[in-house]
Amino acid sequence: MNDRQHDTTIRLGPDELRIRGLYETISIVNDVMVALWFVVGSILFFSEATSTVGTWFFLVGSVQLLIRPVIRLSRRVHLGRIAPDGPNSSARDF
């Protein structure tokens, strides 16, 4: 049975798909924000006057890199509570 078939036959039906979409969207937004922090930080490093601010942008981006695994772990725990006896529905983690 492939993952798509499993998604449609999960005990809660479309609820799992909504949950997957919510966590995936949060993860995508987080990734875009990380990229923006690092791009802006890099630009700020071109000037001596703004290098301190650039360092803060890099620090914020680095801390935000920790958010993605937290999102994945939260999703896995949430799905485990919904269908604790079902197959591992996080096999297609993003």
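Select T52 and W56 in helix α3: both are exposed, on the other side of the helix from its buried residues. Keep in mind that this is a predicted model.

**Stop 1: the two sides of α3**

Stay on α3 and turn to its buried residues. Select G54, G61 and Q64, the buried residues of this helix. Now look down the axis of α3. The buried residues fall within an arc of 80 degrees, so they line one face of the helix. A general rule helps here. An α-helix has 3.6 residues a turn, so residues three or four places apart point the same way.

Next, check the length of α3. The helix has 15 residues. From first C-alpha to last, α3 reaches 21 Å, close to the 21 Å expected at 1.5 Å a residue.

**Stop 2: from G54 across to V40**

Keep G54 selected and add V40. V40 belongs to helix α2. Draw a line between the two C-alpha atoms: V40 and G54 are 7.2 Å apart in space, and 14 residues apart in sequence. Is V40 buried, exposed or partly exposed? V40 is partly exposed, because its relative accessible area is 33% and the partly exposed class runs between 20% and 50%.

**Stop 3: the aromatic rings**

Select F38, F45 and F58. Together they form one aromatic cluster. How many aromatic pairs does the structure hold? The count comes to 3. Zoom in on F45 and F58. Their ring centres are 5.2 Å apart and their planes stand at 55 degrees, so this pair is tilted. Why tilted? Planes under 30 degrees apart would count as stacked and over 60 as edge-to-face, so 55 degrees falls in the remaining class.

Now see where the two rings sit. F45 is in the loop between α2 (14-44) and α3 (51-65), while F58 is in helix α3, so the pair ties together parts 13 residues apart in sequence. Colour both by accessibility. F45 is partly exposed, at a relative accessible area of 42%. F58 is partly exposed too, at 26%.

**Stop 4: the salt bridge**

Clear the view and select D31 and R68. Side chains of opposite charge can pair when their charged atoms come close. How many salt bridges does the structure hold? There is 1 salt bridge. The side chains of D31 and R68 make it, at 3.4 Å from N to O. D31 lies in helix α2 and R68 in helix α4 (residues 67-82), so the pair ties together parts 37 residues apart in sequence. Check the surface at each end. D31 is partly exposed, with a relative accessible area of 31%. R68 is partly exposed as well, with 28%.

**Stop 5: a nonpolar patch**

Select I28, V32 and L36 and switch on the surface. These residues make a nonpolar surface patch of about 280 Å². Click on V32, which lies in helix α2. At 48% relative accessibility, V32 counts as partly exposed.

**Last stop: the whole chain**

Zoom out and show the cartoon. How many helices and strands does the protein chain have? There are 4 helices and 0 strands. Follow the chain along its sequence, and the pattern reads α-α-α-α. Finally, colour the whole chain by accessibility: of its 94 residues, 26% count as buried.

How values were computed: Residues are numbered from 1 along each chain as its sequence is written. This is a predicted model: local features need pLDDT of at least 70, side-chain atom pairs count only at pLDDT 80 or more; totals for chains, interfaces and linings use all residues. Side-chain values use heavy atoms; hydrogens and water are left out. Rings of Phe, Tyr and Trp (its six-membered ring) pair if their centres lie within 6.5 Å; planes under 30 degrees apart count as stacked, over 60 as edge-to-face and the rest as tilted. Buried means under 20% relative accessible area, exposed over 50%, partly exposed in between (1.4 Å probe, protein chains only). The expected span of a helix is 1.5 Å times one less than its number of residues. The arc is that of the directions from the helix axis to the C-beta atoms. A salt bridge is a side-chain nitrogen of Lys or Arg within 4 Å of a carboxyl oxygen of Asp or Glu. Patches are made of residues with over 30% relative accessible area and no salt bridge: like charges are joined within 9 Å, nonpolar side chains (Val, Leu, Ile, Met, Phe, Trp, Tyr) within 5 Å. Accessible areas come from the Shrake-Rupley method with a 1.4 Å probe; for residues, only the protein chains shown count as cover.
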